[in-house]
Amino acid sequence: MELKNSGVFYVNGKPCEASEGVSKEEGRKRTMAYRILDAHDNHSDPDVLHITYDSLTSHDITYVGIIQTARASGMEKFPMPYVLTNCHNTLCAVGGTINEDDHQFALSAAHKYGGIYVPPCMAVIHSYNRECMTGVGRMILGSDSHTRYGALGTMGIGEGGGELAKQLVGRTYDMERPKVVLIYLTGKLRPGVGPQDVALSLVAATYENGFVKNKVMEFAGPGVHTLSQDERNGIDVMTTETTCWSSIWETDEVTEKYFAAHKRPEAYRRLEPEEGAYYDSCIELDLSAVECMIALPMHPSYALPIKELKQDPIRYLKEAQDRSNHQLNGKVAMDLVSKVDADGNIHVDQGVIAGCSGGIYENIMTAAAVLKDQDCGNAEFRLSIYPDSMPVYKELVRTGAAADLVTSGAIIREAFCGPCFGAGDTPANGEFSIRHSTRNFPNREGSKPGEGQIAGVALMDARSIAATALNKGVLTAGDEVIREYPDIPEAVFDDSIYARRVYNGWGKADPDYELRFGPNIKDWPEQPVLSEDLLVKNISYITDPVTTTDELIPSGETSSFRSNPLRLAEFTLSRKDPDYVPNAKAVKKIDENRRAGILDEELKTVLAALKNAGMEPDISSVNVGSSIYAHKPGDGSAREQAASCQRVLGGSANFAREYATKRYRSNLINWGILPFVTSSSELLELNDWVYLPKIREALLNGSAVTAYIVKPDGRVLPFETELGALEPAEREILASGCLINYYKN
């Protein structure tokens, strides 16, 4: 793999340094990404895109909050198809009736507003959208970070719920035109090497250096045409882990065949870069050189070839466990080295093939071929398979693959995203799990470090997981076992499965239909508008290189309360900073007292320090809130709760060196949290106060921000910080206090 940070033209099907008669400006218009974005832009501003999507999609961790936000903002019906899937909080034993109450809310919303309701266990969110909603040239916005359908010619974007709410009330998705990176593929995957291996290779090469951050990855080249559609889909969905904004691929007869098989031949057209297309940078990847990969705990970018790991297992596992234990802040110790026996073999306790990346038909069929007439063993190792949709499940039964897997000792489960976020097949304390799923972030397997529980998860391709199962849990690369391409029968897509169970209310909104509310579904609490001046206390200081959204608001069992903003907020930063919630509540109480005309002693001390420095804010009109500092927050999930929970507890600002993803920064904006960036982070410490005079004026006018740190000893220090690029509507949202206020006003 070669990363080229200079621009390239696409000439005669190859990246070149120049294209005769084509300028860079003209060449940028010849990419696939540009043409699709241009078709969805309202062209009201030459410098900023204002996009309207073809359809939306959410799952049952996010759709209640989105619909509640849109209702509060004046929505009367869904203006485009909106798919509501139920593949995350599917286990209704967790949280009593809470989960199924939300499912019933979604079904009633589909009736009332004209939505598409996919019942629990029917399909994983992205699989249903691939099968039923994609089309070449389309754009889909989803409230899940892995909204990626580029391999089907559809630009998928994962964002927080606020961005979907904007679409639901007729507003646009606004951003500067993104840069485009050419991913030029050559060669062909060797037997035993799969899509997850390609994806992990790309993530390892691009994540830490930010090579594709907030850009579009555009896949082209002869290597594309050697991949099956399932392989392309499996690579594509993992592009989220590179921190790119979206992805798009060339389409061909393979794509055409996919749409025809899924009874939607009209959704296909040929898509490829035009001659002379210009790209801001390029990655050249020879598929034949891709190795079987493993991403060690606790990030998909910690990837290396399995054969390299096996050559020196103690070294690499020691590095991984030390890195993990540093990230866990001493709460509990991960032990990976003990998984190596006297002969140097690495022993694994669990294998899982699941979700939008792993549960794909060809992945499971290949695993079944490896394990046919074989035995996974009856020791510690166990294997679970989660097909990504019921039509795929039916094919596994029809072809006999399900029987082969069950006979080998594997367990086949329903279409469920649980293993991706810690709500399914949670390992025992101290165990080591290998998974073909999307993430291995801290606690994504369901452990609770704060309670002394920890497990390690590594990401691998289904082929290597099957090979490991064949060897009774001894870590084995797929190409050690699979010597030739398995003969996999073509899948038959039975659309009657969805026709009989999915409620499709698109275009049939019934305004008189009553929404069904469970006792856990609550409205968003009101939020204050931004005052002229602002005073915040920095109550959390996180110095990890990256802070994931799972650390900001845990996934797993806590998500049962995602429809109840106040109860969910109790879990904010619980895995990273257990003192955050009580400290946030204390600051919120200070502001409540201020509004009642009572000044707490701590606030009096801060005001006295400011007065000594020549500043006398009118505290009766200055909002008092809390803030956090983190080096690089927001990697991972698109869940808006990572921001809304902080806001519900009185959060008014974040300070960071940079934000890991656009979607997290957008969540902050939509919830009225000022997204400051600073290069002077060493000045800001835990429990410092930050005074921001005339912040409302600076925000609305785009002028420089003046800030002062008030230290506990009374010193007042100038503090360099800024808000970064903001669109006019984003400035108004922040000034209004949140997106709901913005629409109300």
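This text walks through two sheets, a helix pair and a few unusual backbone sites. The model is a predicted one.

Start with the sheet that holds β28. Seven strands make up this open sheet, in the order β29-β28-β26-β24-β30-β31-β32. Its pairing is mixed. The edges are taken by β29 and β32 (716-719). Each has a single partner strand, so one side of each is left without a neighbour in the sheet. On average, neighbouring strands here are turned by 30 degrees against each other, with direction ignored.

Now look at β28 itself, residues 651-656. The strand is mostly covered, with six of its six residues buried. Residues count as buried when their relative accessible area is under 20%. On one side, β28 pairs with β26 (residues 623-630). These two strands run parallel and share five bridges. Within this pairing, Ile-628 stands opposite Asn-654 of β28. β28 also pairs with β29 (residues 674-677), again in the parallel sense, through four bridges. There, Phe-655 stands opposite Phe-676 of β29. Strands of a sheet pair through backbone hydrogen bonds, in either the parallel or the antiparallel sense.

How does the chain get from β28 to β29? The connection includes helix α24 (residues 662-670), and β28, α24 and β29 form a right-handed β-α-β unit.

Move to the other end of the sheet. Strand β31 (residues 707-710) pairs with β32 in the antiparallel sense over four bridges. Val-710 stands opposite Val-716 in β32. A helix also packs on this sheet: α23 (residues 641-648) touches β26 and β28. The direction of α23 makes about 130 degrees with that of β28.

Next comes another open sheet. It has seven strands in the order β17-β16-β22-β21-β18-β19-β20, and the pairing is mixed. β17 and β20 (411-412) stand at the edges. Each has a single partner strand, so one side of each lacks a neighbour in the sheet. Further in, β16 and β22 (residues 456-460) run antiparallel and are joined by two bridges. Ile-294 has Met-460 of β22 as its bridge partner.

The loop between β16 (293-295) and β17 (303-305) deserves a look, since Met-298 is found there. A cis peptide bond joins Pro-297 and Met-298. Its omega is about 5 degrees.

Two further loop residues have a notable backbone. Asp-425 lies in the loop between α16 (418-421) and β21 (432-436). Asp-425 is not a glycine, yet its phi is positive, about 55 degrees. With a relative accessible area of 16%, Asp-425 is buried. Thr-243 is found in the loop between α8 (229-237) and β13 (246-249). Thr-243 also has a positive phi, about 75 degrees, although it is not a glycine. At 5% relative accessibility, Thr-243 counts as buried.

That loop follows α8, which brings us to a helix pair. The axes of α8 and α9 (residues 253-261) come within 9 Å. They cross at roughly 95 degrees, which makes α8 roughly perpendicular to α9. Which residues make the contact? From α8 come Gln-229, Arg-232 and Asn-233, and from α9 come Val-254, Thr-255 and Tyr-258. Two of the contact residues are nonpolar, three are polar and one is charged.

Notes:
Residues numbered from 1 in each chain as written. Predicted model: local features only at pLDDT ≥ 70, side-chain atom pairs only at ≥ 80, totals over all residues. Heavy atoms only, no water. Buried < 20%, exposed > 50% of the residue type's maximum accessible area, 1.4 Å probe, protein only. Axes fitted to C-alpha atoms, helices over the stretch in contact; angles between N-to-C directions. Parallel < 35°, antiparallel > 145°, perpendicular 65-115°, else oblique. Contact = heavy atoms within 4.5 Å. Nonpolar A, V, L, I, M, F, W, Y, C, P; charged D, E, K, R; others polar. Pairing = 2+ DSSP bridges. Right-handed = clockwise from strand over helix to strand, strands pointing away.
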